[in-house]
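The following exercises train the reading of a protein model. Please study the structure shown below before attempting each task.

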Amino acid sequence: MKRIVIVPLFLAAGVLSASALAAPQCTSAPRAQWLTEAAMKQKVLDQGYTIKVFQVSGNCYEIYGKDKAGRNVEIYFDPTDGRIVKKKGG
């Protein structure tokens, strides 16, 4: 009986650990200090990116989209000032 309970707990811990590692640490500021989603989306567009998906990921704003050259990108932004914290692709 104990094995039945322990195995799912280890699996859940592994999944939570993996998801916690996926997003970088962007800010420790409270959400009240974050740019609004609309303001952040505009900053991203002003930088020449197109947005396919915009989401909150941990304490970051994250986009999936394309850069100016049309290459796929995944970018994590600090939600307090819009700076890029981590970028994949492009």
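The exercises below concern this predicted model, and each is followed by a worked solution.

**Exercise 1. The elements**

Task: State how many helices and strands the protein has, and in what order they run from the N terminus.

Solution:
- Step 1. The protein contains two helices and four strands.
- Step 2. Read from the N terminus on, the elements follow the order α-α-β-β-β-β.

**Exercise 2. The sheet**

Task: Determine the order of the strands in the sheet, and explain which strands stand at its edges.

Solution:
- Step 1. The four strands make an open sheet with the order β1-β2-β3-β4 and antiparallel pairing.
- Step 2. Strands β1 and β4 (84-89) each have a single partner strand and stand at the edges, so one side of each has no neighbour in the sheet.
- Step 3. From one strand to the next, the twist averages 15°.
- Step 4. Strands of a sheet pair through backbone hydrogen bonds, in either a parallel or an antiparallel manner.

**Exercise 3. Pairing within the sheet**

Task: For the pair β1 and β2 and the pair β3 and β4, give the number of bridges and describe one position in each.

Solution:
- Step 1. Strand β1 (residues 50-57) pairs with strand β2 (residues 60-66) in the antiparallel sense, over seven bridges.
- Step 2. Within this pair, I51 stands opposite G65 in β2.
- Step 3. The hairpin of β1 and β2 has two residues between the strands, and G58 there takes a positive phi near 65°.
- Step 4. Strand β3 (residues 72-77) and β4 also run antiparallel, joined by five bridges.
- Step 5. Here E74 stands opposite K88 in β4.

**Exercise 4. A helix across the sheet**

Task: Identify the strands that helix α2 lies across, and its angle to β1.

Solution:
- Step 1. Helix α2 (residues 37-46) lies across β1, β2 and β3.
- Step 2. The helix runs at about 140° to β1.

**Exercise 5. The aromatic cluster**

Task: Describe the aromatic pairs and decide whether their residues are buried or exposed.

Solution:
- Step 1. There are two aromatic pairs.
- Step 2. W34 and Y61 form an edge-to-face pair, with 5.4 Å centre to centre and 80° between the planes.
- Step 3. W34 lies in the loop between α1 and α2, whereas Y61 lies in strand β2; the pair therefore ties together parts that are 27 residues apart in sequence.
- Step 4. F54 and Y61 form a tilted pair, with 5.1 Å centre to centre and 40° between the planes.
- Step 5. The three residues W34, F54 and Y61 thus form one aromatic cluster.
- Step 6. A residue counts as buried under 20% relative accessible area. W34 is buried because its value is 11%, Y61 is buried because its value is 3%, and F54 is buried because its value is 16%.

**Exercise 6. A residue in a loop**

Task: Locate T27, classify its exposure and list its contacts.

Solution:
- Step 1. T27 is placed in the loop between α1 (2-22) and α2.
- Step 2. Its relative accessibility is 11%, so T27 counts as buried.
- Step 3. The side chain of T27 reaches the backbone nitrogen of A29 at 3.0 Å.
- Step 4. Leaving aside residues up to four places away in sequence, T27 touches W34, N59, D78, P79 and T80.

**Exercise 7. The protein as a whole**

Task: Report what share of the residues is buried and how much area the protein exposes.

Solution:
- Step 1. Of the 90 residues, 28% count as buried.
- Step 2. The protein exposes about 6000 Å², of which carbon and sulfur atoms supply 60%.

Note on methods:
Residues numbered from 1 in each chain as written. Predicted model: local features only at pLDDT ≥ 70, side-chain atom pairs only at ≥ 80, totals over all residues. Heavy atoms only, no water. Pairing = 2+ DSSP bridges. Axes fitted to C-alpha atoms, helices over the stretch in contact; angles between N-to-C directions. Contact = heavy atoms within 4.5 Å. Buried < 20%, exposed > 50% of the residue type's maximum accessible area, 1.4 Å probe, protein only. Polar contact = N/O pair within 3.5 Å; in protein donor to acceptor, adjacent residues only side chain to side chain. Areas by Shrake-Rupley, 256 points an atom, 1.4 Å probe, with all protein chains shown as cover. Phe/Tyr/Trp six-rings, centres within 6.5 Å; stacked < 30°, edge-to-face > 60°.
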